[in-house]
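Welcome, and thanks for taking a look at this model with us. Here is a short tour, from the overall fold down to a few individual side chains.

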Amino acid sequence: MILRVAAGLVALAALAAPAYADARSDAKAQIQFGIDVAQRGLWREAIYRWERAVQIDPAYAAAYNDLAVAYEHEGQLDKARKAYEKALELEPNNAQIRQNYELFKEINDRTGAAQEK
């Protein structure tokens, strides 16, 4: 009985690994498509693709980073901040994400302070 349970767990783990790899691969395809359309100025389509990427693979920090950049570009600053924070939660030592978020905060904090005056 214990051997069958152990064998079942090994089989389940073997199935999960390809599923994770497929999810990351599918998410990367969405990311690339989003990059392609963003370069053509189609930011709403890029947002749609990057939102799909994080739905497919919720642990994909780069997808949240790209989504944050797009939200920022479109003036959706609350969503941008949340996406940056999620990206950093997933990869706290990612220099590119940290740099993007720090620049976002610097610009928006300065802009917000100027609007309050």
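A residue is called buried when its relative accessible area is under 20%, exposed when that area is over 50%, and partly exposed in between. With 22% relative accessibility, Asn-94 therefore counts as partly exposed. We will come back to Asn-94 below, after a look at the whole chain.

**The chain as a whole**

Please keep in mind that this is a predicted model. The average pLDDT of the chain is 84, and 76% of the residues score at least 70. Residues 1-17 have a pLDDT below 50, and this stretch makes 0 contacts in the model beyond near neighbours in sequence.

The secondary structure consists of 5 helices and 0 strands, so from the N terminus on the order of elements is α-α-α-α-α. Of the 117 residues in the chain, 31% are buried. Among contacts with a separation of 6 or more, 44% join residues 24 or more positions apart.

**The nonpolar core**

In soluble globular proteins, nonpolar side chains tend to be buried together. Here the largest nonpolar core holds 26 residues, and Ile-31, Trp-50, Ala-63, Leu-67 and Tyr-71 have the most contacts inside it. At least two residues of this core come from each of H1 (2-38), H2 (43-56), H3 (61-73), H4 (77-90) and H5 (95-116). Which helix gives the most to this core? That is H3, with 7 residues.

Tyr-71 is a good place to zoom in. Leaving aside residues up to four places away in sequence, Tyr-71 touches Ile-47, Glu-51, Gln-76, Lys-79, Ala-80 and Ala-83.

**Helices H2 and H3**

H2 has 14 residues, which at 1.5 Å a residue should span 20 Å; the C-alpha atoms at its ends are 20 Å apart, in agreement. Its buried residues are Trp-43, Ala-46, Ile-47, Arg-49, Trp-50, Ala-53 and Val-54. Because they cover an arc of only 165° around the axis, they lie on the same side of H2. On the face turned away from that buried side, H2 carries the exposed residues Arg-44 and Gln-55.

For H3, 13 residues at 1.5 Å each should span 18 Å, and the end C-alpha atoms are 19 Å apart, which agrees. Buried in H3 are Ala-61, Ala-63, Tyr-64, Asn-65, Asp-66, Leu-67, Ala-68, Ala-70 and Tyr-71. Just after H3, Gly-75 adopts a positive phi of about 80°.

**Two asparagines**

Asn-94 sits in the loop between H4 and H5. Its C-alpha atom is 9.3 Å from that of Ala-62, although the two residues are 32 residues apart along the chain. Asn-100, in turn, is placed in helix H5. Apart from residues up to four places away in sequence, Asn-100 touches Asn-65, Val-69 and Tyr-84.

The polar pairs made by these side chains are set out here.

| Side chain | Partner | Distance |
|---|---|---|
| Asn-94 | backbone nitrogen of Gln-96 | 3.0 Å |
| Asn-94 | backbone nitrogen of Ile-97 | 3.0 Å |
| Asn-100 | side chain of Asn-65 | 3.1 Å |

Asn-65 thus appears twice in this tour: as a buried residue of H3, and as the partner of Asn-100 in a polar contact of 3.1 Å.

Key:
Residues numbered from 1 in each chain as written. Heavy atoms only, no water. Core = buried A, V, L, I, M, F, W, Y, C linked by side-chain atoms within 4.5 Å. Buried < 20%, exposed > 50% of the residue type's maximum accessible area, 1.4 Å probe, protein only. Helix = DSSP H or I, 4+ residues; strand = E, 2+ residues; numbered from the N terminus. Contact = heavy atoms within 4.5 Å. Polar contact = N/O pair within 3.5 Å; in protein donor to acceptor, adjacent residues only side chain to side chain. Expected span 1.5 Å × (residues − 1). Arc of directions from axis to C-beta. pLDDT = per-residue confidence, 0-100.
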